[in-house]
Amino acid sequence: MLLEAPRFVLPETLAEALAARAERPEAVVVAGGTEVMPDLLWRNRTAAGFLSLRRVAALRGTTTDGGDLVIGAGTPVAALTTAPDGGLRAAASSLGTPLVRTEATIGGNVVSALPYRNLLPTLLAGGATLELTSAAGTRVVPFDGFVTAPGVTGLREGELLTAVRLPAHVGFADYAKVGRRNAQFVATVSAAVVSRDGVARLAFGNAGPIPLRSDAVDTAATALLDGQATADDLRSTVAAAVDPPEDAVASADYRRHALGVLAVRLVTRAAVDAGLGS
């Protein structure tokens, strides 16, 4: 038997979900299951019970609010493949297979807090904020700083991630990754860019223990965008800013090189495809 008498809660409203979260803090929160189930099958985690969010309709779908794109945490990644934000669209489209994208949710991708998850660099580059809700109310925090270590977030006891807010960008946004293949393999490294009003902001995945961005990199990227710096300048700045892991997939040196390549590629796309400060 994989699990011995796990307790299962299946709320249908957010209020019911928050009540269950408070009553059963030991339960593993699950939505699409693409993060949790592999961990259970590979025995990387145990579960004293489950709190499923699959039937909480309030956590699904996208709206706009004051210029923000507001994405319910239970929204499937497949729904983001047509998002107005180019970076989010590209990151979602290259996540797993169509079946995985149908089941996986943006909330699961964020709360998994692993540095190679597709959506995280896009949210970091885009200046996303998160709505964290408990029985006491909702607080909004920047995504930058939410992930504190691999698999560790700033979620407090009794809280659920209920929505991701991404500011609408009128400029250019994109995402690219390097991996053994595009489908069913996590990114060896990844990068996202947002370019607006002549300023470029980059963020990286698998460039360190948490999703990473750097003011020095953004300064170099903006200078490249303006023609005041070279591609070599940006690559060397990226190499100095990142601290990628080394494992059986790739060496740290390879990842450092690939991150520089992605950074230059994305900034070049911003300059060519969108124009400076568009």
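## A tour starting from strand β6

Select β6 first: this strand is mostly covered, with 5 of its 6 residues buried. Keep in mind as you go that the model is predicted.

**Stop 1: the partners of β6.** Leave β6 (129-134) coloured and add β7, residues 137-142. The two strands run antiparallel and are joined by 6 bridges. Which residue of β7 is the bridge partner of E131? Click on V140 and you have found the partner. Now look at the link between the strands: a hairpin of 2 residues takes the chain from β6 to β7.

Next, add β10 (160-167) to the selection. Its pairing with β6 is antiparallel too, over 5 bridges. To get your bearings, show T129, which stands opposite R165 in β10. Keep R165 on display for the next stop.

**Stop 2: β5, on the way from R165.** The bridge partner of R165 in β5 is V70. Select β5 (68-72), which pairs with β10 in the antiparallel sense over 5 bridges. Is this strand buried or exposed? Since 5 of the 5 residues of β5 are buried, the strand is largely enclosed by the rest of the structure. Turn on side chains here: D68, V70 and G72 point one way, while L69 and I71 point the other way, and all are buried.

Stay with V70 and bring up T63, another of its bridge partners. T63 takes you to β4 (residues 62-65), paired with β5 in the antiparallel sense over 4 bridges. β4 and β5 make a hairpin with 2 residues between them. Pick G66 in that turn, where phi is positive at about 55°.

**Stop 3: the largest nonpolar core.** Hide the backbone for a moment and show L88, V110, L119, L130, F143 and F146 as spheres; of the 35 residues in the largest nonpolar core, these touch the most other members. Elements giving two or more residues to this core include β5, β6 and β10 from the earlier stops, along with α3 (86-93), α5 (106-112) and α6 (119-125). Which element gives the most? Select α6, which contributes 5 residues.

L119 is a good residue to zoom in on. What does L119 contact, leaving aside its neighbours within four places in sequence? Display V77, L80, L88, A91, A92, L95, I106 and N109 to see these contacts. Then move on to a second, separate core of 26 residues, with L202, A207, L234 and V267 among them.

**Stop 4: a three-stranded sheet.** L202 from that second core is also the bridge partner, in β13, of V193. Select β12 and β13, which are joined by 7 bridges and run antiparallel. Adding β11 completes an open sheet of 3 strands in the order β11-β12-β13, with antiparallel pairing. β11 and β13 (199-205) are the edge strands, each pairing on one side only. Look across the sheet: neighbouring strands are turned by 15° against each other on average, direction ignored.

**Last stop: the whole chain.** Zoom out to take in 9 helices and 13 strands. The C-alpha trace spans about 60 × 45 × 30 Å along its principal axes. A compact globule of 278 residues would have a radius of gyration near 19 Å, so the chain's 19 Å agrees with that. Buried residues make up 49% of the 278 residues. Switch on the surface to finish: the accessible area comes to about 12,400 Å², and 53% of this belongs to carbon and sulfur atoms.

Note on methods
Residues are numbered from 1 along each chain as its sequence is written. This is a predicted model: local features need pLDDT of at least 70, side-chain atom pairs count only at pLDDT 80 or more; totals for chains, interfaces and linings use all residues. Side-chain values use heavy atoms; hydrogens and water are left out. A nonpolar core is a set of buried Ala, Val, Leu, Ile, Met, Phe, Trp, Tyr and Cys residues joined through side-chain atoms within 4.5 Å. Buried means under 20% relative accessible area, exposed over 50%, partly exposed in between (1.4 Å probe, protein chains only). Contact means heavy atoms within 4.5 Å. Two strands pair if DSSP finds at least two bridges between them. Axes are lines fitted to C-alpha atoms, for helices over the stretch in contact, and angles run from 0 to 180 degrees between N-to-C directions. The radius of gyration is taken over C-alpha atoms; the globule rule is 2.2 Å times the number of residues to the power 0.38. Accessible areas come from the Shrake-Rupley method with a 1.4 Å probe; for residues, only the protein chains shown count as cover.
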